[in-house]
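This report describes the fold of a single chain and the surroundings of its ligand. The sequence and the model are shown first, and the account then proceeds from one sheet to the remainder of the structure.

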Amino acid sequence: MLEIRNLHVNVEGKEILGGINLTIPNGEVHVLFGPNGSGKTTLMMTIIGYPEYKVTKGQILFDGNNISELDITERAKLGIGVSQQRPPTIKGVKLRQILDFFTKLNPSKKDYLNAMVKKFDISKYLDRDINSGFSGGEIKRLELFQILITLPKFLMLDEPDSGVDPEQLVIIGDIVNECLKIKNNTKLKIERKTGLIITHSGNILNYVHTDKAHLLLDGVIHCSGNPGLMLDQIKKAGYNYCISCQQLCYDHMQEGN
Ligand SMILES: Nc1ncnc2c1ncn2[C@@H]1O[C@H](COP(=O)(O)OP(=O)(O)OP(=O)(O)O)[C@@H](O)[C@H]1O
Ligand SMILES: [Mg+2]
């Protein structure tokens, strides 16, 4: 579904991403780890197409098509959705207006979306300005709910679990899993939508299954592997251990030859 080839990105004239290669096949959910300032948000913002993130080299392929030249609206219309790390306050726009807009576009989803408002206890937020005066945890929950409403087929979630208390985290996990659900699953086959989740704490991984993890350091993916193992390794030995770990594997292979 998503294939990123040798992606270089500049922000304000400075190279932030220096050659990202990343493939997320259809139906897989990957997780992105990396220290503060390593370029995780930059990667997501570039994939969705924020204009201040300039692609200087490389390609972003979505369903086999190069989307690097498309604007943000065109990318959203292809089914790419993003929940931002720090969603903005939007005075004068209510969640109810967004909900009404999407139910008009998708009348067959009206009952489902109303059921989701009830399930995730959203009604009390519907008539407030988006994110205005919301607590940190409420902002995360409402941001994810907007993703749920827009029904994207590829989801990017930037730190959905940061600043979220343990009870709210359960709800956040439920909303993410609902967003990833494909409705026509049979009993025998579990299919999900495709996604990319950024997390520091890894707390969301206790609620959402992820297939593969990647470690971003200084704008380059240095290591990919099992999400749980990688998180344990980061917690135990730090991000930089990943590079030395790779060097050890490389040396070991050289010795074997
Ligand atoms: N609009 C911008 N103007 C200037 N520098 C920017 C801009 N956006 C990002 N950067 C810089 O790019 C680097 C990567 O930032 P980014 O937000 O992608 O990091 P991150 O990995 O998401 O970090 P965190 O874990 O703290 O969220 C940082 O040094 C940041 O200051
Ligand atoms: Mg970030």
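## An open antiparallel sheet

In this predicted model, four strands make up an open sheet with antiparallel pairing, arranged in the order β2-β1-β4-β5. The edge positions are taken by β2 and β5 (65-66); each has a single partner strand, so one side of each has no neighbour in the sheet. Strand β4 (residues 53-62) is joined to β5 in the antiparallel sense by two bridges, and leucine 61 stands opposite asparagine 66 of β5.

Glycine 18 belongs to strand β2 (residues 14-24). Glycine 18 counts as partly exposed because it has 14 C-beta neighbours inside 10 Å. Leaving out residues up to four places away in sequence, glycine 18 touches His8, Gly219 and Val220. The C-alpha atoms of glycine 18 and isoleucine 221 are separated by 9.3 Å, although the two residues lie 203 residues apart along the chain.

## The chain as a whole

The secondary structure of the chain comprises eight helices and 12 strands. The C-alpha trace spans about 65 × 40 × 35 Å along its principal axes. A compact globule of 257 residues would have a radius of gyration near 18 Å, and the 19 Å of the chain agrees with this.

Of the 257 residues, 33% count as buried. Among contacts in the chain with a separation of 6 or more, 71% are between residues 24 or more positions apart.

## Strand β3 and its parallel partners

Strand β3 (residues 29-33) is largely enclosed by the rest of the structure, because five of its five residues are buried. In a regular strand, side chains alternate between the two faces of the sheet. In β3, Val29, Val31 and Phe33 point one way, His30 and Leu32 point the other way, and all are buried.

Two strands pair with β3. Strand β10 (residues 194-198) runs parallel to β3 and is joined to it by four bridges; histidine 30 has leucine 196 as its bridge partner in β10. Strand β11 (residues 212-217) also pairs with β3 in the parallel sense, over four bridges, and here the bridge partner of leucine 32 is histidine 214.

## The nonpolar core

In soluble globular proteins, nonpolar side chains tend to be buried together. The largest nonpolar core of this model has 56 residues, and Phe33, Leu144, Val176 and Ile197 have the most contacts inside it. Helix α5 (residues 136-150) gives the most to this core, with seven residues.

Beyond its neighbours within four places in sequence, isoleucine 197 is in contact with Val29, Val31, Leu157, Pro160, Ile204, Val208 and Thr210. Two of these partners, Val29 and Val31, point one way from β3 together with Phe33.

## Helix α1 and the ligand shell

Ligand 1 is surrounded by 13 residues, the closest being Asn36, Gly37, Lys40, Thr41 and Thr42. By class, the shell consists of two nonpolar, eight polar and three charged residues. Helix α1 (residues 40-48) gives the most to the shell, with three residues.

Helix α1 is mostly covered, with eight of its nine residues buried. These buried residues are Lys40, Thr41, Thr42, Leu43, Met44, Met45, Thr46 and Ile47. Lys40, Thr41 and Thr42 are thus found both among the residues closest to ligand 1 and among the buried residues of α1.

## Positive phi values

Glycine 49, located just after α1, takes a positive phi of about 100 degrees. Most residues other than glycine have a negative phi. Aspartate 121 has a positive phi, near 55 degrees, and is not a glycine. Aspartate 121 is found in the loop between α4 (110-119) and β8 (129-130). With 10 C-beta neighbours inside 10 Å, aspartate 121 counts as exposed, since the cut-off for that class is 12 or fewer.

Leucine 151 likewise has a positive phi, of about 50 degrees, without being a glycine. Leucine 151 lies in the loop between α5 and β9 (154-158). Leucine 151 is partly exposed, because 16 other C-beta atoms lie within 10 Å.

Technical notes: Residues are numbered from 1 along each chain as its sequence is written. Chains are lettered from A and ligands numbered from 1 in the order in which they are written. This is a predicted model: local features need pLDDT of at least 70, side-chain atom pairs count only at pLDDT 80 or more; totals for chains, interfaces and linings use all residues. A residue is near a molecule or strand if its C-beta atom, placed from the backbone, lies within 6 Å of it. Ala, Val, Leu, Ile, Met, Phe, Trp, Tyr, Cys and Pro count as nonpolar, Asp, Glu, Lys and Arg as charged, and the others, Gly among them, as polar. A nonpolar core is a set of buried Ala, Val, Leu, Ile, Met, Phe, Trp, Tyr and Cys residues joined through C-beta atoms within 7 Å. A residue is buried if 20 or more other C-beta atoms lie within 10 Å of its own, exposed if 12 or fewer, and partly exposed in between; C-beta atoms are placed from the backbone. Two residues are in contact if their C-beta atoms, placed from the backbone, lie within 7 Å. Two strands pair if DSSP finds at least two bridges between them. The radius of gyration is taken over C-alpha atoms; the globule rule is 2.2 Å times the number of residues to the power 0.38.
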